[in-house]
Amino acid sequence: MRRAGLYGVPRVRPWSWQAFVLGFVVVAVSAALQAVCVVLGAKLYFAAFLPSLFVLGIVAGAPAAVFAALLTVPLVWWAFIPPFFEFTPLSSASADSINLFFLLAVLLIGLADLCRASMTIISRGGLKSSGETAATNSQ
């Protein structure tokens with residue numbers, strides 16, 4: 001059986017400083033990509049950040065992805081929600097966008113954590129059977 005995993009993609013220990021630095025770098029790259037999207041006319045504030053959170057969750061673990069998600073909200077509020085480069089009170093639509101981002105971020109980070117755990121289990125040889133299953137149980 002072939003080993004499962006992301007070939008060529010290094011995995012980082014979840015609570016290491018490298019994971020948090022990678023989270024910061026991912027947020028910076030996503031912000032640059034989001035800036036390009038805004039210049040092209042997109043009004044989706046968190047469009048570039050959600051896929052990067054999922055990939056970060058797989059590569060560096062859930063703590064780094066949560067750090068990146070928490071770093072994303074003030075960055076988007078300051079740089080991409082009009083008026084640009086100012087902290088102003090949020091409109092209800094902007095607050096709803098942030099709430100929806102938090103919901104989707106929690107779901108994506110949870111899914112990435114499950115994928116990471118599954119890859120770890122499969123790379124170690126899969127689940128071991130205890131010898132007795134429900135079909136062979138004598139009860």
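Tutor: Contact here means heavy atoms within 4.5 Å. The model is predicted: local features need pLDDT of at least 70, side-chain atom pairs count only at pLDDT 80 or more, and totals for chains, interfaces and linings use all residues. Residues are numbered from 1 along each chain as its sequence is written, and side-chain values use heavy atoms, with hydrogens and water left out.

Student: What percentage of the contacts with a separation of 6 or more is between residues 24 or more positions apart?

Tutor: The count takes in contacts in the chain with a separation of 6 or more. Within that set, the part from residues 24 or more positions apart is 70%.

Student: In what order do the elements of the chain run?

Tutor: Elements are DSSP runs numbered from the N terminus, helices being H or I of at least four residues and strands E of at least two. The chain has four helices and zero strands. From the N terminus on, the order is α-α-α-α.

Student: What percentage of the residues in the chain is buried?

Tutor: A residue is buried under 20% relative accessible area, exposed over 50% and partly exposed in between, with a 1.4 Å probe and protein chains only. The chain has 139 residues, and the buried share is 29%.

Student: How much of the area that the chain exposes do carbon and sulfur atoms supply?

Tutor: Accessible areas come from the Shrake-Rupley method with a 1.4 Å probe, and for residues only the protein chains shown count as cover. The chain exposes about 9100 Å². The part supplied by carbon and sulfur atoms is 71%.

Student: Which residues touch the most other members of the largest nonpolar core?

Tutor: A nonpolar core is a set of buried Ala, Val, Leu, Ile, Met, Phe, Trp, Tyr and Cys residues joined through side-chain atoms within 4.5 Å. The largest one has 25 residues, and the members that touch the most others are Phe49 and Phe101.

Student: Which element gives the most to this core?

Tutor: Helices H1 (17-39), H2 (49-60), H3 (62-79) and H4 (92-123) each give two or more residues to this core. With seven residues, the element that gives the most is H3.

Student: Which residues does Phe49 contact, leaving aside neighbours within four places in sequence?

Tutor: Phe49 is one of the two core residues that touch the most other members. Its contacts beyond four places in sequence are Val27, Ser30, Ala31, Gln34, Thr72, Leu75, Val76, Phe80 and Phe101.

Student: How many aromatic pairs are there?

Tutor: Rings of Phe, Tyr and Trp (its six-membered ring) pair if their centres lie within 6.5 Å; planes under 30 degrees apart count as stacked, over 60 as edge-to-face and the rest as tilted. By this rule the number of aromatic pairs is six.

Student: Why do phenylalanine 46 and phenylalanine 101 tie together separate parts of the chain, and how far apart in sequence are these parts?

Tutor: The ring centres of phenylalanine 46 and phenylalanine 101 are 4.3 Å apart and the planes are at 15 degrees, so the pair is stacked. Phenylalanine 46 is in the loop between H1 and H2 and phenylalanine 101 is in helix H4, so the separation of the tied parts in sequence is 55 residues.

Student: Is phenylalanine 102 buried or partly exposed?

Tutor: Phenylalanine 101 and phenylalanine 102 form a tilted pair, 6.0 Å centre to centre with 45 degrees between the planes. Phenylalanine 101 has 2% relative accessibility and therefore counts as buried. Phenylalanine 102 has 32%, so this residue is partly exposed.

Student: Which elements do the buried residues of H1 pack against?

Tutor: H1 has 23 residues and reaches 33 Å from first C-alpha to last, close to the expected 33 Å at 1.5 Å a residue; the expected span is 1.5 Å times one less than the number of residues. The buried residues of H1 are Ala19, Gly23, Val26, Val27, Ser30, Ala31 and Gln34. These residues pack against H2 and H3.

Student: Which residues does serine 52 touch, not counting residues up to four places away in sequence?

Tutor: Serine 52 lies in helix H2. At 16% relative accessibility, serine 52 counts as buried. The residues it touches are Val26 and Ser30.

Student: Where is phenylalanine 85, whose phi is positive?

Tutor: Most residues other than glycine have a negative phi. Phi of phenylalanine 85 is near 60 degrees, and at 52% relative accessibility the residue counts as exposed. Its place is in the loop between H3 and H4.
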